[in-house]
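This briefing sets out the domain layout, the charged pairs, the backbone exceptions and a surface patch of the structure shown below. Please read it with the sequence and the model at hand.

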Amino acid sequence: VEASIPEPQREAWLKHQVSGFKDKDGFESEVVRHVETTLARSMFNCDESAAYSACSLAFRDRLILEWNRTQQRQTFVDSKRLYYLSLEFLMGRALDNAMLNIGQKDTAKAGLADLGFRIEDVIEQEHDAALGNGGLGRLAACFLDSLASLNYPAWGYGLRYRYGIFKQEIIDGYQVEVPDYWLDFNPWEFPRHDVTVDIQFFGHVRKSTDENGRTVAHWEGGEIVKAVAYDVPIPGYATPSTNNLRLWSSTAASGEFDFQKFNNGDYESSVADQQRAETISAVLYPNDNLERGKELRLKQQYFWVAASLYDIVRRFKKSKRPWKEFPEQVAIQLNDTHPTLAVVELQRILLDLEGLEWDEAWNIVTNTFGYTNHTVLPEALEKWSVPLIQHLLPRHLQIIYDINLYFLQSVERRFPEERDLLGRVSIIEESQPKMVRMAHLAIVGSHKVNGVAELHSDLIKTTIFKDFVTIFGPDKFTNVTNGITPRRWLHQANPRLSELISSKTGGKDFLTDLNELNKIELYVKDKAFRKAWADIKLANKERLAKHIKASAGVTVDPTALFDVQVKRIHEYKRQQLNIFGVIHRYLTLKAMSPEERKKQQPRVSIFGGKAAPGYWMAKQIIHLINSVGKVVNNDEDIGDLLKVVFLEDYNVSKAEIIIPASDISEHISTAGTEASGTSNMKFVLNGGLIIGTCDGANIEITREIGENNIFLFGNLAEDVEDLRHAHTYGTHEIDPDLNRVFQEIEKGTFGSTQDFAALISAVRDHGDYYLVSDDFHSYIETQALVDDAYRNQEEWITKCITSVARMGFFSSDRCINEYAEGIWNIEPLRVEKEEGA
Ligand code: NTF
């Protein structure tokens, strides 16, 4: 509904125009107002949680005003917009980020102090928005920050899960999952009960002929579920631009609630429809790098994609432009294959609802979409069974078959001699049942396909998508190396380091132009600077030590070397290699004389990360880590020389404490398996070094910071295939040091040997797919080099400072600019600062 206030009445509106708080006094008055009205409390019962709520509401009000102005400006100028479709947005906390991006954290700190609160305690009250699993979801969150900070007109579209990723508890050394109900009080979202879309499922297709003799498809029957929009404002850093993240929530379509049943006393079945509809957006699937083909997941994908496209098309149609201009106004990025049905849905809209011809519609579709691939692991590549799609989305299946037909016909015309090519590239896999290969559909439906780090982008071109390079040519495939936002991952997580850097680089420009960091290399020999640097690292480690004590009950020495591996637990990420290495270290220390031991470098091995609830092996790894910790941490021979800690419930806000406190972090995936990794960038940016394999973005990090500043080890990606082949068909000798580790586990040193048998036999008896044994020796040797290097603190600090200085490349701003220029073809759009703001 178009509604605009007529000219004569606008005066009243302008007279009462709302503006956000301007100073400390204004902030305090807003907080008190929210406590006393919105929250219906008073100074007699305002606790930290109420202070958090009121403070958030005060900032939210400001964000919304800037959001409104940004949206008005974007509508007025109507330049090309980007829509980032992602099933995951791992946002973490919003308040600290909003305060820093707006540049009013000091105001809030002083204001809260006046009102009787410490800002740190208030920030701590917030529940993480954990609508993601790991790297893929957090990347989407960093991208939103950069898009807004760089003033790009862009929207994120996702699902508003009622339950985010589960909360992890460790009980008796085992992971236990607890539901994450995070919406109890969420001041950061705006329900838009007027922005709804009816989404159809099931039903059948009827064909008719129109007056021009053209066949028209009608998708009829089935059921309707309603999508309701919830908007989350995304503030840019040091700019008034505030973008929108629109999350869809499912509910029963109006009229669905059966009053007849209700009146007859059949309450249960009258609410059943409502509950069934709400199930669609109820839970985030907790798998990282794994796809399981569940019907509800497909429902989620279509629900979200259809609602988002309806919204995007509605906005485009307001401009009254001809359809052929759609790709000049709209860029849509597919974050992995999860939103690939959008390709089919847009084709359906143009063909069935807007009456375009196939070719014209398809041309628009392919010029609109870009597809980012985030993994080469075969178990993570999405496939949906044809019968399932037929049942749920009958019209879409027809369109998929047509897309495939035209695609295969063109391939056949160009490569008539290539007998097996058609079968290999077909969107339909001829299996039992037939499957739709979503990556193939995404490639055929997009104008650009990108990987997320150089090695990964090369690998997709030479392995899984090789044939498509032959068909479409190499230019369709490109690389955009991932990045991270320095606002959250330096300024917010490590305020003292950020302050020190700004004192040497001349202000805060490095936060918007991360290459400015190279200025600190001039101070690498400056005594006072180095001292300040070391003090900050120690303070960050003391803070983490406190957290470790409080959450895991282990006392650790903050001057020990902190060795950190925090990420989702996965065999390909090889936490098992790490813990086997820890056992090896323990055995080595045990075998030493007390005098010899005194010469060793004390170390704290810190682990964190969730295992997918159905991933049994990953859960065994967690159990082994905890079991080793229990023995090692209580061994008096060992004392502070080695501690092993598993931090429960690793998430974004815990990452903000852990990452700045690391000396060395582990990025040790089997070469060729980790598409990029992004925590590797966060650790180095915070003055920690890396031990890692030649995998993902480790390679570009090495190139930027220099190979003297990173500890690389292990086999190369190019050798993995041959090694695996040799394991299976040749003799497979286990590394002798690793064998000793296995024997110790089998002796029962770490408790029930049964539990850990599978971890050992994966290496010994089942082909060691992840090359744990092949890399073990090199890993142990390299860890010894880390000890030596750390003992020379002066050298170590030099490495750290030099590395940070050279990390400019890994800003998500650089990354977003590459997408904007090379894929989206969008330009920044500045929003003027509000008068007096
Ligand atoms: C992940 N992929 C990769 O495993 C990480 O290496 C990478 O850093 C992130 O994406 C972001 O690009 C996935 O989570 C998925 F879904 F593709 F398996």
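Between domain 1 and domain 3, the distance separating the C-alpha centres is 42 Å. This description rests on a predicted model, and the points below are grouped by topic.

**Domains**

- Three domains are assigned, and two of them are written as two stretches of residues: domain 1 covers 19-77 + 94-126, and domain 2 covers 78-93 + 128-479.
- Domain 3 is given as residues 560-801, and its C-alpha centre lies 42 Å from that of domain 1.

**Salt bridges**

- Side chains that carry opposite charges can pair when their charged atoms come close.
- Across the whole structure, 58 salt bridges are found, and the pairs described here are among them.
- E28 and K24 are joined by a salt bridge between their side chains, with an N to O distance of 3.8 Å; because they stand four residues apart in helix α2 (residues 24-38), about one helical turn separates E28 and K24.
- The two partners differ in their accessibility class, since E28 counts as buried at 14% relative accessibility, below the 20% limit, whereas K24 counts as partly exposed at 34%.
- D273 and R276 also form a salt bridge, in which the closest N and O atoms are 3.3 Å apart, and both residues belong to helix α9 (residues 267-279), where they are three residues apart, about one turn of the helix.
- For R276, the relative accessible area is 44%, so this residue is classed as partly exposed.
- R585 and D787 meet through their side chains in a salt bridge of 2.9 Å, taken from N to O.
- This pair connects distant parts of the chain, with R585 in helix α23 (residues 575-590) and D787 in helix α32 (residues 772-791), 202 residues apart.
- Both members of the pair, R585 and D787, are buried.
- Elsewhere, R192, D231, R246, D311, R314 and R315 are joined into one network by salt bridges that share partners.

**Backbone exceptions**

- Most peptide bonds are trans, and most residues other than glycine have a negative phi.
- The peptide bond that runs from Q432 to P433 is cis, its omega being near 0°, and P433 is placed in the loop between β15 (428-429) and β16 (435-437).
- F202, although not a glycine, has a positive phi of about 65°, and this residue sits in the loop between β7 (190-201) and β8 (204-209).
- With a relative accessible area of 16%, F202 falls under the 20% limit and is therefore classed as buried.
- R574 likewise is not a glycine and has a positive phi of about 65°; its place is in the loop between β19 (561-566) and α23.
- Because its relative accessible area is 0%, R574 is classed as buried.

**Surface charge**

- E718, D719, E721 and D722 form a negative surface patch, and one of these residues, D719, is found in helix α29 (residues 717-729).
- D719 has a relative accessibility of 32% and so counts as partly exposed, while residues need over 30% to be part of a patch.

Key. Residues are numbered from 1 along each chain as its sequence is written. This is a predicted model: local features need pLDDT of at least 70, side-chain atom pairs count only at pLDDT 80 or more; totals for chains, interfaces and linings use all residues. Side-chain values use heavy atoms; hydrogens and water are left out. Patches are made of residues with over 30% relative accessible area and no salt bridge: like charges are joined within 9 Å, nonpolar side chains (Val, Leu, Ile, Met, Phe, Trp, Tyr) within 5 Å. Accessible areas come from the Shrake-Rupley method with a 1.4 Å probe; for residues, only the protein chains shown count as cover. A salt bridge is a side-chain nitrogen of Lys or Arg within 4 Å of a carboxyl oxygen of Asp or Glu. Lys and Arg count as positive and Asp and Glu as negative; His and the chain ends are not counted. The place of a charge is taken as NZ of Lys, CZ of Arg, CG of Asp or CD of Glu. Helices (H or I, at least four residues) and strands (E, at least two) are DSSP runs, numbered from the N terminus. Buried means under 20% relative accessible area, exposed over 50%, partly exposed in between (1.4 Å probe, protein chains only). Domain bounds come from an automatic or database domain assignment.
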